[in-house]
Amino acid sequence: MTWPMLFGVLSLMTFQLVDSAFIGQLGRDPLAALGFTLPMYQLIIGLQVGLGIATTAILSRTLGAGDERRAERLGGLVVLVGAGLVLVLCLLLWLLQVPIMSMLGADASLLPLIRGYWIPWLVAAWLGATLYFGYSVCRSHGNTKLPGTLMVVTSLLNIALDPLYIFVFGWGLPGAALATITAFGLGCLIIYPRLLARGWVRFDLGALDLGPALRQLGNIMAPAMVSQLMPPLSAMLATALVAGFGSAAVAAWGLGTRLDFFSIVVVLALTMSMPPMIGRLLGAGDIDQIARLVRLGVRFVVIWQLAVGLLWLALSGLVSELFSTDISVQQVLRDYLLRVPLSYCGLGVCMLLVSVCNALGLAMRALLVSTLRLFLCFLPLLWLGGQLAGMTGLMTGALLGNLFAGVMAYTFYQAGMARLANPAGRVKTS
């Protein structure tokens, strides 16, 4: 179940990088206009991922309990609620675009460019969220092949259409968003007829007790959304700490964090493939099998990410020279690759167990783990390391913070499993 999601996530990351590269050829202002949409995009992503986590947890648990008809109606409810919520958010962002741009410090000369890009970009974001909800329903039913394949197909189509829409048709910056609209629109036209044909979504919601169903969604969705919005905040604070050591440090840190995303792509795929399995086992009441599955996942993540960290260590000199011609940036990036990747095992375990806790219905525990990872383990040690030993100490602090986060997450997960192992704990989280 993990392999299709691995290729899907990689393809999404690739198309976003290529998108930025094409827009960068239009000049500084279009690239700056794109940059001002990123914080708003993270807000939309937080909403859609939070609801996606709730979808996978609730639907897979309902299927595990054998109530397929209720799971189908919940699938329809999720699609309607999710598309409606994201649509309302996009409308608010459109109406408030001028105050938002002013708050973010956008130059007045950029506003016409942003205004022309804003509508197609918001439509693309809404279609992307709607497509994502279809992916979540598929994963809940144990099917990762269809969403993984569609991620690859829509990403390749987007990459192919970018130069055509941006340069050949002369649509410029809005052309990038229109390419995304075309790709995501095609994805929706493929996935939703298949969901309906397989009976995985039903819209006869009158037979569903809407009040309890919406509360069930909200109880998992709200903490998951908050959890998704914290990493961007943490990244801003970490960048502020790094900025105190100069522009070379910021450039190297930015390159390092981009390499981080590719380094943990297997973990990201696991966080999508394991929750449906856990949800079904929980619905069937098989707590022991969940524990065995999670132990297997944790061991794999530790071994895999240690191997990735050692690979970056061995290639640190070559990679730093490949990504920058500036000697000072190369030195900082080399130091980064010698230290931080060795902590990917702790970071990966933490990410996986947050996903596991959400699948178990322990949404507040997952939120607590995410919060403590960033604001107890990572950022304080980042600051302390910087105070004691400069930029090198800061990166050592990142190493220790991620390792401590992995240990802390496993401790919280075990405590949650202990509660589920007795009947009272099981009732409380159902």
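**Exercise 1.** Work out whether Arg-339 counts as buried, partly exposed or exposed, and place its salt bridge in the fold.

*Solution.* Start with the surface: Arg-339 has 23% relative accessibility, so it counts as partly exposed. The scale runs like this: buried is under 20% relative accessible area, exposed is over 50%, and partly exposed is in between, with a 1.4 Å probe and protein chains only. A quick note on the source: this is a predicted model, where local features need pLDDT of at least 70, side-chain atom pairs count only at pLDDT 80 or more, and totals for chains, interfaces and linings use all residues. Residues are numbered from 1 along each chain as its sequence is written, and side-chain values use heavy atoms, with hydrogens and water left out.

Next, the partner. Arg-339 forms a salt bridge with Asp-335, the closest N and O atoms being 3.9 Å apart; the definition asks for a side-chain nitrogen of Lys or Arg within 4 Å of a carboxyl oxygen of Asp or Glu. Asp-335 comes out at 16% relative accessibility, so this residue is buried.

Now the backbone. Asp-335 sits in helix H13 (residues 327-339), where helices (H or I, at least four residues) are DSSP runs numbered from the N terminus. The two partners are 4 residues apart in H13, so about one helical turn separates them.

Last, the surroundings. Skipping neighbours within four places in sequence, Asp-335 is in contact with Thr-392 and Met-395, contact meaning heavy atoms within 4.5 Å.

**Exercise 2.** Find the spacing and the burial of the salt bridge partners Glu-72 and Arg-69.

*Solution.* First, the distance: the closest N and O atoms of Glu-72 and Arg-69 are 3.2 Å apart. Then the helix: both belong to H3 (residues 68-95), and being 3 residues apart there, they are separated by about one helical turn. Finally, burial: Glu-72 is buried at 13% relative accessibility, whereas Arg-69, at 41%, is partly exposed.

**Exercise 3.** Classify the ring pair Phe-15 and Phe-184, then do likewise for Tyr-410 and Tyr-413.

*Solution.* The structure holds 11 aromatic pairs. For Phe-15 and Phe-184, the ring centres are 6.3 Å apart and the planes stand at 90°, so call the pair edge-to-face. Phe-15 is in helix H1 (residues 2-24) and Phe-184 in helix H7 (residues 172-197), so the pair ties together parts 169 residues apart in sequence. Burial is next: Phe-15 is buried at 6%, and Phe-184 is buried at 9%.

For Tyr-410 and Tyr-413, the centres are 5.8 Å apart with planes at 45°, so this pair is tilted. The cut-offs behind both calls: rings of Phe, Tyr and Trp (its six-membered ring) pair if their centres lie within 6.5 Å, and planes under 30 degrees apart are stacked, over 60 edge-to-face, the rest tilted. The tyrosines are 3 residues apart in helix H15 (residues 363-420), about one helical turn. Tyr-410 is partly exposed at 25%, while Tyr-413 is buried at 5%.

**Exercise 4.** Which residues touch the most other members of the largest nonpolar core?

*Solution.* Among its 75 residues, Ile-44 and Ile-191 touch the most other members. Such a core is a set of buried Ala, Val, Leu, Ile, Met, Phe, Trp, Tyr and Cys residues joined through side-chain atoms within 4.5 Å. Helix H5 (residues 111-140) gives the most to this core, with 16 residues. Beyond its neighbours within four places in sequence, Ile-191 has contacts including Leu-131, Tyr-135 and Leu-150.

Methods:
Helices (H or I, at least four residues) and strands (E, at least two) are DSSP runs, numbered from the N terminus.
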